[in-house]
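Student: I would like to take a close look at one part of this molecule. Could you guide me through it in a connected way?

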Amino acid sequence: MERFDLEDVVAPPTHIADAPLKDWRLKYQAGTIQKNDFIEFFRKQSRKYFHYQYESEQDATRPSLKCTFNDAGAKEHIINVLMEFVLGDNPKIVLDKLQQEGNTATVCGKVFKTGEPTYCCRECGMDPTCVLCVNCFKQSAHRYHKYKMSTSGGGGCCDCGDEEAWKKDHYCEEHLRGKENPANSTIITDAIKERCELAFTAILTFCVNFLEIESNASLECLDGDADDDQEECFCTVLYNDESHTFDQVIQTLTKIAKCRQKDAMEIVSSIDREGRAVVKCDTFSECRQLQEAIEKQAVTTIAGLHTARANQSLRVSVLNIRAVACQQFALQLLTWFQEFLIKHCVFRQIFARIVMDRKAPYSIRHILEYDVKLWKSARTCWHRLLISGMLMEYDNKMQLSQEFSKHYASIVQDFIRDDHEHSCSIVSLSVQLFTVPSIAHYLIANEGIFHKLLHTFYHAAIEPYIKNKTLQFTKNVNVSFKRAAYILYDLRYILMFKPDAWTHELREGFLEGCKGLMKLLNVMQGMESITRQTGQHMDYEPEWECAFNLHIKLACTITLVLEWCANDAVVLNRLYQMVMRYLSANVFIVDRVPKKEEHHVAGHVAECIVYDVSTRPVSIHLPLSRFFAGIYLHLGTYGLTFDNAMVGHTRSPEEIIEPILCTQAMIAQVHAGMWRRNGYSLLHQLYFYRIVRCRAEMLDRDIVGMQIGAALIESNQYLIHILNKFNLIKWIQPDYEKDLTAQAVDDEYLLSMIEEFLELLIVIIGERYVPGVSVVTEEERTKKEIIQLLCIKPYSHSELNRALPDTNNDTSLEDLIDSVAVFKKPQKSDAKGVYELKEELYNDYNMYFYHYTKEEKSKSEETQRLRRKNKDELVCCPPPALPKLTDGFVSIANLLQCDVMMTIITTVLDRAIDLNSKSFAENHLQEVLFLIGYGLQEEQTGNYPFLSFYERSQKYNMLSKLEDLSHSARVEAHRDFLLWTIKKFKELAAKDETAIDEDVNAMPTEGESIELTRPLTAAEQEKQEKEERARLAAERRAKIMAQMQNAQNNFMKSNAEMFASANAQSGAGSSSDMEWQDVANIEDEEGAVAYNSVACLGVDRRLQQPEEESFKCILCFEDCTVSKDGPTLVYSAYVQKSRVLPPLASDHPSSVHTSSCGHVMHVDCWQEYYNNEESKEQRRPHRSRQPFPQTPQNTEFQCPYCRCLSNSVLPLSAPLSKYSMPMVIHKGEELFPIDMWIEVMKTLSDELNMPTPEGNYDRVLPPAEAILRRANLYANVAQFERIAQPIDKTELPTSWTNFVQHYIKSVRQHAPVDFEDSEKGGLLWLWQTCIYTVQSLEVYLRAVGKPFKSEMSIRHKSCLSGLIRASCLYGSNLTCTDVKNLKEPTLELLDTIFKQKSISVLEWNCFSMMVQLICMVPNILFSSTQKVAVPNGSIMDYYAMQLLFLANMAKAIILFEIPTNEMGMDVDEEYENEEVKRLPQNIRNNIAKFYRKYNFEARRQAFAARPKQQQQKTRSQPQPQTAAKSAEEPSTAHECTITQTADNDAPMYDAYIDDDDDEDDIDRMQVSCDTKRIAAIYEHIKKEMRQYLRCCCIFFQFITDVEFPDELSYEASDTYENMCKYLGLETSLETYFDSAGCYASILETFASHRDILYSELALKKKHCGKQLEVVPCTLEVPRLVDLPEDYSDLINSVADFICPNNEREEMKTPSLCLICGKIICGQSFCCQPDLDGRSVGACTYHAYYCSAETGIFLRIRDCQIVFLGRNKGCFVLPPYLDEYGETDQGLRRGNPLRLCRERYNKIQLIWLGHGLHEEIARLNDNTSVIATQWHHM
Ligand SMILES: [Zn+2]
Ligand SMILES: [Zn+2]
Ligand SMILES: [Zn+2]
Ligand SMILES: [Zn+2]
Ligand SMILES: [Zn+2]
Ligand SMILES: [Zn+2]
Ligand SMILES: [Zn+2]
């Protein structure tokens, strides 16, 4: 280690330092320094850093107050000065050296902020409160264990390094290093320690003094301190409380304090965050007035509410501004101090020593007790200080624990009176202290903490509610009860760990606590008792929740206490005596000397306690009896019994079980329906009684209690007691049926009560999976539970965990699950994986399992019966084998064979046989069979020598009765069960009588010989019935056939001639329908294929006459067809703004997208439906309507058929070919060639450019012939007409055009700019929407990877056909005005494409231009001749498509870049292409030339290779030109027309382009272009043409209705070649680069645009300096942002994300925009920007700009996805799954989560397919959502 130079640290000569440092040092040397020197300094200085200011820019009448405390200034001028005093002139160096020493701490102790991730190891953590911070976790062994993650609520700390928190791997790597070094330092000298002590005392004194809310103390300190020239300034401070809502406070602030709404919101959020805020700075009287006003206001506004707490006024105080400044500084000082203490243990030692000084004002005791007087942020600072200062060293922790315990009662009472959340109170420190086992045990033994906790709780929460020695909660339990309940958590912490060794003190301390517990249980015994209502219903539902809440919170403590005492004989014994004493003294149900009466059954007598459950109070709460049952289970372990354990007990077993028995009887009566008038609260209680959270200390203990009774009371008597309590003594008497008539009237509940009674017996005998009752372990108990659950249905991991009781160790739980079940992985992406029970364990199924509800019972029974049926077993649910009883409980087995039981069983059997019996129900038989089954099986086990069920049953003739019954039709449903029982009987008989009985031989193999005597099993019977039915049906059929044959023969005879000829025709095989159809199909095919071609365009296009499409109107169900003049039909459609793809026009923020569900309606039908819906919406109650009313035209509706969200309709159109002349076949020369067509287009553009001739307003253009004449092509008019195929203009049906206009109106509402819908804007936007929709569908289909020819979904198909056809047709409907209006856009389009004015190909969206060229231009051309050209795949359409194909190709070559590998090396060497090799040399040269001349990269390389001067020359040249020829007048100077070919373009530009043609310079063109590179270019072209070609394929398919060829029906079949073939395009480069053809020159023209020639190559800038906005040839499929594999990475990444508007705290709901990846501070008061004049949440705001109103956000802390629409939204499951394939919304389960790509992909596709709005609507439709304020997200 480096030697440390101590000189650094020693204070330098004092004269260098400034005051006060100098001062302090002098005083220090003189030994006269006092802590007050520092305090004075803090006090005076802090005022300097507190500023306030009123800003009145926004609203002069309501200025905004801005208060700031300059943290940085205070740090520098106050804290740093103090540090220099303590550590010397260079504190930073000292601290760095300390860090390097590396022995600062062995524990981490990092205090968590809200939302920070925490990890707990499920294998090693002592309890779930033991957690690690990210850093420690990542460096510890636990990251390889099974762990859970979660996010902190704030305030806890990392337990790394705490030996008692972990079973192993206590340290992470970092803190292990800390452990190796001694906790000491050579740097911290005694002098430093001394100065530390001084400084620390000063800091503590200062903070303690100034932080109290009550102003008095601090005011005194400030007396006589006023600045001379200024008036004293004061602040009104408003404090947080939990009784007022945000809105109430905001209201107060705006009304009384006259704050602006926005400021008020800020103040409220800062009050919520920090606990207080300054609302006014002014003179004392002004401030005081405001205080009074607020106090008064708050009382009066809320006076209407009658809750106790709402009447409190808001807490306000007036403070001197200097006091506020001191407080602000004190907070900073404490925060800094806490961080400083972490730096070294020596500092902490000093700190601990100081605060342990009991007399000091800053003693621990004081800090603990004055917590309640502070506001939120001040409290947090102190808590953190204590955690960092006292919890990192064990000794300090112990000391703190002792102090904490000593003052526990008063701290808790303060907390109860206070109204801050638990986590804001110092009492929350208990989790840090009480969970340490050794500390907990110490505190129990030496501080009596167990008793203290209970006593405090009893005093605060219980005592006020005791009436007549029992708890009796009122309807509204006050808040203090709820707050006091936190003590019960502490109770649980303290008992969490059983001691390994008991000391005398620990025993005494523990038993003392138990006494308190007994006292509590004693008053709970019988609480909330209820009496059966007979006459009237209950007037009100009695309070019951409170008692259950108490039970739930207390139950685990009871369980823990029982576990503790099981550990030690002495404690057990003494506690047992204690319980018994309390039990004897308690008189609920059992009086001290209970009244008894005798009852006789089957010759046995019992003295039963008289207590009628149906008339007297009973209760579901019997904690004392249950505690007895719990402790009794442990007696056996220490050889104790009921008789020898107790010294002179006063309660008999009968008396002990009496309350439990009464409760059981009451429950049975409720099930039977006797308590109907008692209302729901009773049913709720019974529900809670058996649910998993409560039953451990309720139902389960009750059953154990009953079993204890069975073990201790003589069996016959025991059963008589139960019979008596269930009122069944009469029923069991043999002569009961005889007087039945007399009794029947008042015993309507009898049958149910018998059923309940028998079920209770089954449960008492069979529910033995309890350690102590039988020989089982806790694991086996849990296993049984799991088996029974899985018998109901397969469970997912989370469902199973919820259904099982909490255990501390859930890794062992998982092992248990794995031992009984098999995990089935999910098959589909949205399914969960489930556990299924192992096959062999189905025999353990118990249908009377006591935790089953009635539904679960019947569901599991059904499943089980089905299973057995499928396996060909007897269809019944026989009882499972039972575990062996412990010695103390063997008497339970005797129950089965005692006389009373035998009587019960035979009574039921007899009454089943007696068909006249009225006191019998089928279920009784099933239950009795179950009991018999138990009896027989128990005997078979041989566990109980005394048991001879078989022998005793013979006395009662049981077997023969069973055999009788097996033939009875009355109990047919249970026949298989009877057969099973009989079989069991015979097995046992065989064993008993050594196999002589002949029956035995017959039965076991289910032999056929006894078929006649043996009744049929259910399966056999069913089979038989089926056969019988089949036989009957066959007979019927045969009969009918015979009749028919007969009739036919008669017919044939009379029509003999006709049949003779028919037979001849049909020839050989009899003609079937199928073959006939095939023939027809072939004929169809032949008719349609014109030229055996697959192309839909071009000279060789295939002609296809589409069939008439027919539909059914979904509203009137009439059949209808779409035709030129039939009634108009519409699709329901949804129009939305979209930004999924980049907008079509760069100056528009978004585009418009349309989708449809494809359902067709008559316009009239729809109109009617829509009007109805609209008025329904208006009639809806106001509150359930949308919070923001929609504009009238925008009302959304649902498709009447599929409920799909819609907001518009789209009219259907007939196939476009119906609107044109029949297709003409072009042959050779007759064809009007493409270059002529280009010429026509250019001439058209010239014409359009001319001013409209005066006086001739109707006519914008001369007729088409005239234009051709001007182009010198008049001779070819006929040819031209043949390629254009214009027809005479006919009016389209009005209703059709109306609905197109209706649709355009909807588009207008979602368009990014407003336009005039009736004019050109409407047309243009119709086309734009069509283009955008086609393009986005192309991208979607590309993402899905569906081949073209596969069936396109009806939704896509209808939407496209509606939209494309309407776009094409509507353009043929132009009026003169339209033509005039469209003149300008047409001219612009033509100039751009044909004259190279405006932007270059690089900036074109080729598909979009092609569509406009087809839809708009021909109709303008023919406008003067009253003709129209509807796009239908004519040659002219083909030319347009081909021209833009070429444009796209030129663009691809210009932008080509030599492919490189990851290393950045060129790899075009690897490209080989036979086709390219075969190209003629001249073609290859042409390609190379084109490449060198225009390709950006090649030009850059060539340029770089030039000599320097030339570079300068060429670089400087273009600039003066650009200046001269500005962009406004490009037509004259820069005109580049299409006729100029490559050969004669030389003089056009004088820049370095000319050099290329210069032979001399050719060697300078270094850029090579061999076949390999051409091959690479060719590959590139093919790839880059993809989007254009795909869009064209989709587009022209709907225009021409030509089917896709089979080549396009496979995956990835959308190759360049296949698509070109369909579109009638040549693929070979030879066609396009042959200088003899016209294509090469067209390419050249496109490429020689000035923007391309003169652009700044590297930066892609135009020569005018503007950025070239290159539109890529093929857009990559847009994707949502990449998410990390591991969810915890995501959480960690936002752990300390600070909200942009609020630097003090982390974001509460960081939300990741999945579209752009930005993190937004969602749903928080700090971020509420204005949008359209109202405040919205940050996510809504972001979505508006990022993605056109729809948004997808991942709320990282909640692990939840939100889809946001316009004022709407929904939550969606996140794409993160745990290893069981389940999501974890809200991170409640905490299993490690991994990204599920399939799920993410699904979300991706919803977005890409524009399905967000629909998804939101769908999810909101299904669920009755509480109105979420989505716009506040
Ligand atoms: Zn840590
Ligand atoms: Zn650590
Ligand atoms: Zn671990
Ligand atoms: Zn209709
Ligand atoms: Zn629909
Ligand atoms: Zn975004
Ligand atoms: Zn924020």
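Which residues are linked in a network of salt bridges?

Tutor: The model before us is predicted, and its salt bridges are the part to examine. Glu839, Arg867, Arg868, Lys871 and Glu873 are the residues joined in a network of such contacts. As a general principle, side chains of opposite charge can pair when their charged atoms come close. In total, the structure contains 71 salt bridges, and three individual pairs deserve a detailed description alongside the network.

Consider the pair formed by glutamate 447 and lysine 406, whose closest N and O atoms are 3.3 Å apart. Because glutamate 447 belongs to helix 19 (residues 437–447) and lysine 406 to helix 16 (residues 394–406), this pair ties together parts that are 41 residues apart in sequence. The partners also fall into separate classes of accessibility. Glutamate 447 has a relative accessible area of 18% and is therefore buried, since the cut-off for that class is under 20%. Lysine 406, with a relative accessible area of 37%, is partly exposed.

Another salt bridge joins the side chains of lysine 725 and glutamate 658, at 2.6 Å from N to O. Here too, distant parts of the chain are linked: lysine 725 is in helix 31 (residues 715–725) and glutamate 658 is in helix 28 (residues 653–672), the two being 67 residues apart. Lysine 725 is buried, its relative accessible area being 6%. Glutamate 658 is likewise buried, with a value of 4%.

The remaining pair consists of aspartate 1391 and lysine 1397, with the closest N and O atoms 3.7 Å apart. A relative accessibility of 10% places aspartate 1391 among the buried residues. Lysine 1397 also counts as buried, at 15% relative accessibility.

Charged pairs may be set beside a metal site in the same model. The zinc ion (ligand 4) is coordinated by Cys1113 (SG), Cys1116 (SG), His1162 (ND1) and Cys1165 (SG), at 2.0 to 2.4 Å. Along the chain, these donors follow the spacing C-x2-C-x45-H-x2-C. The arrangement around the zinc ion (ligand 4) is tetrahedral because its 4 donor atoms subtend angles of 99 to 118°. Among the coordinating residues, histidine 1162 counts as buried at 11% relative accessibility, and cysteine 1165 is buried with a relative accessible area of 18%.

Key. Residues numbered from 1 in each chain as written. Chains lettered and ligands numbered in written order. Predicted model: local features only at pLDDT ≥ 70, side-chain atom pairs only at ≥ 80, totals over all residues. Heavy atoms only, no water. Donors = N, O, S within 2.8 Å, 3.2 Å for Na, K, Ca; no water. Tetrahedral: all angles 85-135°; square planar, octahedral: opposite > 155°, others 65-115°. Buried < 20%, exposed > 50% of the residue type's maximum accessible area, 1.4 Å probe, protein only. Salt bridge = Lys/Arg side-chain N within 4 Å of Asp/Glu carboxyl O. Helix = DSSP H or I, 4+ residues; strand = E, 2+ residues; numbered from the N terminus.
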